[in-house]
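Let's take a friendly walk through this protein, starting with the whole chain and ending with single residues. Keep the viewer open as you read.

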Amino acid sequence: MTRVSFPADFLWGAATAAYQIEGSPLADGAGPSIWQRFSHDPRLMAAKGDTGDVACDHYNRMESDVALMKALGLKAYRFSVAWGRVLPQGTGRVNAAGLAFYERLVDTLIAHDIEPLCTLFHWDMPAALDDRGGWLNPDSAEWFADYARVMFQALDGRVKKWVTLNEPWVVTDGGYLHGALAPGHRNMFEAPIASHNLMRAHGRAVQVYREVGAHQIGLVVNIEPKYPATDSAADAAATARADAYMNRQYLDPAMLGTYPDELREIFGEAWPEWPTDDMALIRQRLDFVGINYYTRNVVTADASWPLNAGPVRQDATYTETGWEVYPQGLTDLLVWFKDRYGDLPLYITENGAAFYDPPQAEDGAVHDPLRVSYLKKHFAAVSDAIAQGVDVRGYMLWSLFDNLEWSLGYSKRFGMVHVNFATQERTPKDSAKLYSQVIATNGAVL
Ligand SMILES: N#[N+]C[C@@H]1[C@@H](O)[C@H](O)[C@@H](O)[C@@H]2O[C@H]12
């Protein structure tokens, strides 16, 4: 591992998402999202009773939260817009009060010299659009394009880095195939359709941005590098299937205009033949790609698992969400991206971990040594990739706050800032104090 170093203008920040932190999901004329419905349905929500009704109460505490971001020394803040606050029905009438919240947020960030990075879709589709078929409806691309246009015309210039979608793989795998996430469908035939329409929506939003925007736009994907358990042909094939399904299913169409061949084998009769025009729509010039990295997967051929590709547990530290701590995977995937897709600027738009955080100490401190160790290793992994010529421009820690970890509720704490959900007290953990030093020295402290 070479000495840790980062470009002088490296953008250090933190990330959150609307439904996970804001609370007040129906305030000021907002329309409900599919996560409002899902989290209130005990048949669907794994952490029954944990909803986004309050979360981190960020909707009511935004100004003080931005002041805390400033105190931590953040240079940037990646947030998402709740589509239903701005367009309660998903299309049509704009809810001025909902849009005004995000204008206030952006103006407050800028006033504190923190760059806003805005994600348009972080899983919380308006329920009214789900009633019209959601991502299964091909019209969803135009619904999203119209919403994106509203946001670009309101905020572009104050926001100079836009993200269309956050992790389309999770939306379709969790929301349409396995049902663990909203809207809770379990349908092999729906997943490829939802996935394709998400990517069409991405393409349309980028086209709209090229009409009305003047800055940068990209896509955020979660990449989980896959490693064969052995050098057997069966494990190699299983690894290729897993990589195609999770990683190349989204980056190949966005960057190359094609789907991986393995998908036809994986989905069989459930895989449609998509129109060539769609592939041209999806493949839009991007200014950057955001990479969300958490863990890797060691794969073996195993018919008892989907894709005939099962995970092989390693002799390593695992997080509260069951993910192996493997910082080398971040370096490997960044080099892989450069080799496969070329020299596009990249941001680490999410990286972090949920560990068991001991209760606050007598002095109020929250000691999180496992997260401190995790972060140091992953900072070094990014530095290693940069040393190998990968154009990584910034790092957004996931997450600023302990928050609603979707269907897992509030039990999985990813924050560098502890949130007491009974009192809403925020307490920077030791990892936040480390991060402040890393930002202040641009990594030299590591
Ligand atoms: N699980 N987990 C943590 C984290 C989730 O909280 C984010 O909303 C997603 O973008 C991504 O899955 C990563």
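How many Å² does the accessible surface of the protein chain come to, and what percentage of it belongs to carbon and sulfur atoms? The accessible surface is about 16,200 Å², and 52% of that belongs to carbon and sulfur atoms.

## Confidence in the model

Please keep in mind that this is a predicted model. The protein chain has an average pLDDT of 97, and 100% of its residues score at least 70. The scores for the model are 0.98 for ipTM and 0.98 for pTM.

## Overall build

In the protein chain you will find 15 helices and 13 strands. Measured out along the principal axes, the C-alpha atoms occupy a box of roughly 60 × 55 × 45 Å. A compact globule of 446 residues would have a radius of gyration near 22 Å, so the 21 Å of the protein chain agrees with that expectation.

How are contacts spread along the sequence? Take the contacts in the protein chain that join residues at least 6 apart in sequence: 76% of them link residues at least 24 apart. Of the 446 residues, 62% are buried. As for charge, the chain carries 39 positive and 55 negative charges, and the mean positions of these two sets lie 3 Å apart.

## A buried asparagine in a strand

Is Asn222 buried or exposed? Its relative accessible area is 9%, and buried means under 20%, so Asn222 counts as buried. You can find Asn222 in strand S5, which covers residues 216–222.

Leaving aside residues up to four places away in sequence, Asn222 has contacts with Glu167, Trp169 and Val170, and also with Met246, Asn247 and Asn292.

## Two cis peptide bonds

Which peptide bond leading into a proline is cis? The bond from Ala182 to Pro183 is cis, with omega near 10 degrees. Pro183 sits in a loop that runs between helix H8 (168–177) and helix H9 (190–212).

Another cis peptide bond goes from Trp398 to Ser399, where omega is also near 10 degrees. Ser399 belongs to the loop between strand S11 (392–398) and strand S12 (417–420).

## Positive phi outside glycine

Leu307 is a residue other than glycine with a positive phi, near 65 degrees. The loop that holds Leu307 lies between strand S8 (297–301) and strand S9 (309–311). Leu307 has a relative accessible area of 25%, which falls between the 20% and 50% limits, so Leu307 is partly exposed.

Asn442 is also a residue other than glycine with a positive phi, in this case near 50 degrees. To locate Asn442, look at the segment after helix H15 (430–441).

## An exposed alanine in a helix

Where is Ala71? Ala71 is in helix H3, made up of residues 58–72. Its relative accessibility is 64%, and exposed means over 50%, so Ala71 counts as exposed.

If you would like a distance to check in your viewer, try Ala71 and Tyr19: their C-alpha atoms are 24 Å apart in space, and the two residues are 52 apart in sequence.

Notes
Residues are numbered from 1 along each chain as its sequence is written. This is a predicted model: local features need pLDDT of at least 70, side-chain atom pairs count only at pLDDT 80 or more; totals for chains, interfaces and linings use all residues. Side-chain values use heavy atoms; hydrogens and water are left out. pLDDT is the predictor's confidence in each residue, from 0 to 100. Helices (H or I, at least four residues) and strands (E, at least two) are DSSP runs, numbered from the N terminus. The radius of gyration is taken over C-alpha atoms; the globule rule is 2.2 Å times the number of residues to the power 0.38. Buried means under 20% relative accessible area, exposed over 50%, partly exposed in between (1.4 Å probe, protein chains only). Contact means heavy atoms within 4.5 Å. Accessible areas come from the Shrake-Rupley method with a 1.4 Å probe; for residues, only the protein chains shown count as cover. Lys and Arg count as positive and Asp and Glu as negative; His and the chain ends are not counted. The place of a charge is taken as NZ of Lys, CZ of Arg, CG of Asp or CD of Glu.
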